[in-house]
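Trainee: Could you show me how to read the way helices and strands pack together in a model?
Mentor: Let us look at one together, taking the helices before the sheets.

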Amino acid sequence: MGERDAGSLPIPKAHCVRVQLALTVPTIRDRVVQTAAVLVLEPIFEADLQPEQYAYRADRSALDAVQHVHKLINTGHRQIVDADLSSYFDSVPHAELMRSVACRVVDGAMLHLIKMWLEAPVEETDERGNKRRSTRNRDEGRGTPQGAPISPLLSNLYMRRFVLGWKKLGHEKRWRAYIVNYADDLVICCRTEAQQALVQMRTMMSRLKLTVNETKTRVCYLPEEKFDFLGYSFGRCYSMRRGRLYLGTTPSQKRVQRICRAISDETGRDMVRLDPKTMVEKLNRMLTGWANYFCLGAVSKAYSAVDIHARRRLRRWLCDKHKEPRPGYKRFSEASLHSVYGLVRLPHRTASLPWAKA
């Protein structure tokens, strides 16, 4: 089964326009078998994964990781190693990963199957529609196929080596330096000596045959500076209600810009064939889904910016659809966009959100 070619789709990275990730799409038969394997293996490895690891695990989420970091920075851990790994999923070495798997799995057939999945060729289609067969993972002996059902489990298992090693080597206790990890994203929240923690992190990653992106990895000192993690910006915030500064979170500027670009893409001239009800339903799903994730901390400013952009784009779309001269404030007033067309109003949701009253 592992010798069957998997398809590959190029997915642009969120933070880099020129870089694309190869999302592997296994054959249906492989997906079924991999899913069955995950059902068996996941409970076995779950016992070994560290509490600092939040990705792809039951009863854990990215928001839990955000809350963990928020707690640490508000209990004195204000020197932050903001780490970035270069192509983590494509860099995981097969030999070392298989040794980690073999610590818990002794069945030779299962080990052989996992190795075949790691080395499976990938069929890629270029811009001209030509197909080519890539065996990079097998040739280089590294990389987990993103998009495969078993990839999240394997990537978590290998990251465990770093998290566990950090504690066993005494770095956590020495500098009160606590890791928070979600997939290939991680920060180390330190009480002291963050520069030393950064040096040791680099050393450990090198031994694990992983590459630290030096241009994006840095030490951040709160409250003078800010850093981004999992779409949130951590740093100094101001409470209008209490009239004081505090350390908290806001949706990052990049994520606000991204949802605004997505709204613009959905409300272009090429979409005027849709009826208003369908368009508003699409926008509401986008807005509500975005707000359901960005629901921690000081969200009002971000919500207002997204809300204003959504109204502007919907009004412009309605003008194009009905051949109404822009800007169309009279026919498509702010009130009517919400009361008549049903566009959600994000700022009205902030009163019940966690940390909103901080």
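**Reading helix and sheet packing**

Mentor: This is a predicted model, and we can begin with helix α7 (residues 151–168) and helix α9 (residues 194–207), whose axes come within 11 Å and cross at roughly 130°. An angle over 145 degrees would count as roughly antiparallel, and the angle here makes α7 oblique to α9.

Trainee: Which residues of α7 and α9 meet?

Mentor: From α7 come Phe162, Gly165 and Trp166, and they meet Ala197, Gln200, Met201, Met204 and Met205 in α9. Sorted by character, the residues of this contact of α7 with α9 are six nonpolar, two polar and no charged. The crossing of α7 and α9 is right-handed.

Trainee: How should I describe a pair of packed helices in general?

Mentor: Two packed helices are described by the angle between their axes and by the distance between those axes. Take as a second case helix α11 (residues 276–293) and helix α12 (residues 300–321), where the axes come within 12 Å and cross at roughly 165°. The helices α11 and α12 are therefore roughly antiparallel to each other. In the contact, α11 supplies residues including Met279, Leu283, Leu287 and Trp290, while α12 supplies residues including Tyr303, Val306, Leu314 and Lys321. The residues of the contact of α11 with α12 divide into 14 nonpolar, no polar and one charged.

Trainee: Turning to sheets, in what order do the strands of the four-stranded sheet lie?

Mentor: The order is β6-β7-β3-β8 in an open sheet, and the pairing is antiparallel. The edges are held by β6 (178–182) and β8 (218–221), each with a single partner strand, so one side of each has no neighbour in the sheet. From one strand to the next, the twist of this sheet averages 20°.

Trainee: How many bridges join β3 to its partners β8 and β7?

Mentor: Strand β3 (residues 79–84) pairs with β8 in the antiparallel sense over four bridges, and isoleucine 80 has cysteine 220 in β8 as its bridge partner. Six bridges join β3 to β7, again in antiparallel fashion, with aspartate 82 standing opposite valine 187 in β7.

Trainee: Is β3 largely enclosed or open to the outside?

Mentor: The general idea helps here: in a regular strand the side chains alternate between the two faces of the sheet. In β3, Gln79, Val81 and Ala83 lie on one side and Ile80, Asp82 and Asp84 on the other, and all of these are buried, which leaves both faces covered. Since six of the six residues of β3 are buried, the strand is largely enclosed by the rest of the structure. One of the helices you have already met, α9, lies across β3, β7 and β8 and runs at about 25° to β3.

Trainee: And what is the order of the three-stranded sheet?

Mentor: Its three strands follow the order β9-β10-β11 in an open sheet with antiparallel pairing. The edge strands are β9 (227–229) and β11 (244–251), each of which pairs on one side only, and the twist averages 45° from one strand to the next. Strand β10 (residues 232–239) and β11 pair in the antiparallel sense over eight bridges, and arginine 236 stands opposite leucine 247 in β11.

How values were computed: Residues numbered from 1 in each chain as written. Predicted model: local features only at pLDDT ≥ 70, side-chain atom pairs only at ≥ 80, totals over all residues. Heavy atoms only, no water. Axes fitted to C-alpha atoms, helices over the stretch in contact; angles between N-to-C directions. Helix = DSSP H or I, 4+ residues; strand = E, 2+ residues; numbered from the N terminus. Parallel < 35°, antiparallel > 145°, perpendicular 65-115°, else oblique. Contact = heavy atoms within 4.5 Å. Nonpolar A, V, L, I, M, F, W, Y, C, P; charged D, E, K, R; others polar. Pairing = 2+ DSSP bridges. Left-handed = near helix turned anticlockwise from the far one by under 90°. Buried < 20%, exposed > 50% of the residue type's maximum accessible area, 1.4 Å probe, protein only.
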